[in-house]
Amino acid sequence: GTARAWVQGRFRLAIDRCFSLAGAGTVVTGTAHSGRVGAGDTVIVSPPGRGEQIRARVRSLHVQDRPAQQGQAGERCALALVGDFEKRDIERGMWVVDPALAIPLRRFQGELRVPAGQGALRHLQTVHVHLGAEDIMGRVAVLDCAEVGAGETALVEILLERDTLALRGDRFVLRDAGAQRSVAGGRVLDIFPPTRHKRSAERLALLAAMRDDDPLPALSLQVAQASAGVDLARFAAAWNLAAAEAEALWSRAGLTLIRDGESRLGFAGASWTALEQRLL
């Protein structure tokens, strides 16, 4: 089920090489993490290394070293891109994504495990964060304990020195400040973490629900906690849900759906009733 969801979700590719090729222009290569891409598709290259994010069109592509009309999750792809940019604007570690997923961030919350035999991971320890094809310096804020011992699992917030892209479920590896040894490995749970009450019982319960690969438990708990509703576009982007998957999830959760300008909010039945009573 999880593998199918990544194929059905929106397209993402982690760039590991960029070069110019006669007759093709700027070419980026990498592994597709999710979704599908085809010739003629519009994509975004992000986070911006210089200036604004890059909007590009896929002129042509090779998949597994062969010409193809389409590539998908799990395949090695080479994309010839055209647009108002130059080769020097694109670097290893950037992403080629569907426009809806171009959400640069400098922090995210997740879970990690320290391997047996390693030293304890300390609160606010400086680390190298390896995510996609990127290596970024950052710090680890431990949320549910004082420090993470060998063989232990914990909920954490990763604070990065520069922008990157990530979605719920992405895997990451942490190495020590000198990049000599791996100190932990984990996965992203929330790319829109709050700025306050990060260690409250409610917040930790929501992060625990996000460990489930089915987004329903997390959504149900999130709408129950949010009296002002949940931004459904942000939720769908964070979990990389295609439009049909998202609509099916809103129905499964029994949400009351409200449009607020360009936004769409989801309410639990009890929260919507409480708002109605307050208004009356």
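The following paragraphs describe the overall dimensions, the barrel, the helices and the nonpolar cores of a predicted model.

The model is predicted, and local features were accordingly considered at a pLDDT of at least 70 and side-chain atom pairs at pLDDT 80 or more, whereas totals for chains, interfaces and linings use all residues. Residues are numbered from 1 along each chain as its sequence is written, and side-chain values rest on heavy atoms, with hydrogens and water left out.

The protein comprises six helices and 20 strands, where helices (H or I, at least four residues) and strands (E, at least two) are DSSP runs numbered from the N terminus. Its C-alpha atoms fill a box of roughly 65 × 50 × 35 Å along the principal axes. The radius of gyration is 20 Å, which agrees with the value near 19 Å for a compact globule of 280 residues; this radius is taken over C-alpha atoms, and the globule rule is 2.2 Å times the number of residues to the power 0.38. Of the 280 residues, 46% count as buried, with buried denoting under 20% relative accessible area, exposed over 50%, and partly exposed in between (1.4 Å probe, protein chains only). Among contacts (heavy atoms within 4.5 Å) with a separation of 6 or more, 64% are accounted for by residues 24 or more positions apart.

A closed barrel of six strands follows the order β10-β15-β13-β12-β16-β17, with antiparallel pairing; two strands are taken to pair if DSSP finds at least two bridges between them. Neighbouring strands of this sheet are turned on average by 45 degrees against each other, direction ignored, the axes being lines fitted to C-alpha atoms, for helices over the stretch in contact, and angles in general running from 0 to 180 degrees between N-to-C directions. Strand β10 is joined to β15 by eight bridges in the antiparallel sense, with E111 having L155 in β15 as its bridge partner. Five bridges connect β10 to β17, again antiparallel, and here R113 stands opposite G185 in β17.

Strand β16 (residues 171-176) is linked to β12 (residues 125-131) through five antiparallel bridges, in which H128 is the bridge partner of R175. Strand β16 also pairs over five bridges with β17 (residues 182-190), in the antiparallel sense; V173 lies opposite G185 and L174 opposite A184. The two strands form a hairpin with five residues between them, and A179 in the turn adopts a positive phi of about 55 degrees. Side chains alternate along β16, such that F172, L174 and D176 point to one face and are buried, while R171, V173 and R175 point to the other face and are not.

The largest nonpolar core contains 58 residues, of which L112, L121, I158, L174 and W250 touch the most other members; such a core is a set of buried Ala, Val, Leu, Ile, Met, Phe, Trp, Tyr and Cys residues joined through side-chain atoms within 4.5 Å. Apart from it lies another core, of 21 residues, including A32, V45, I90 and M94. When neighbours within four places in sequence are left aside, the contacts of L174 include L112, L121, I158, R181 and V183.

Helix α2 (residues 201-209) lies across β10 (105-113), β15 (153-164) and β17, and runs at about 95 degrees to β17. In helix α3 (residues 215-225), the buried residues are P215, L216, A218, L219 and V223. They cover an arc of only 165 degrees around the axis, which puts them on the same side of α3; the arc is that of the directions from the helix axis to the C-beta atoms. The elements covering these buried residues include α2, β18 (230-231), α4 (232-238), α5, β20 (263-267) and α6 (269-279).

In helix α5 (residues 243-253), E245, A246, L249 and W250 are buried. Their arc of only 135 degrees around the axis puts them on the same side of α5, whereas A243, A244 and S251, on the other side, are exposed. Just after α5, G254 takes a positive phi of about 65 degrees.

Finally, A100 is located in the loop between β9 (95-97) and β10 and is partly exposed, with a relative accessible area of 38%. Not counting residues up to four places away in sequence, A100 touches R10 and A237. The C-alpha atoms of A100 and A209, which are 109 residues apart along the chain, are separated by 24 Å.
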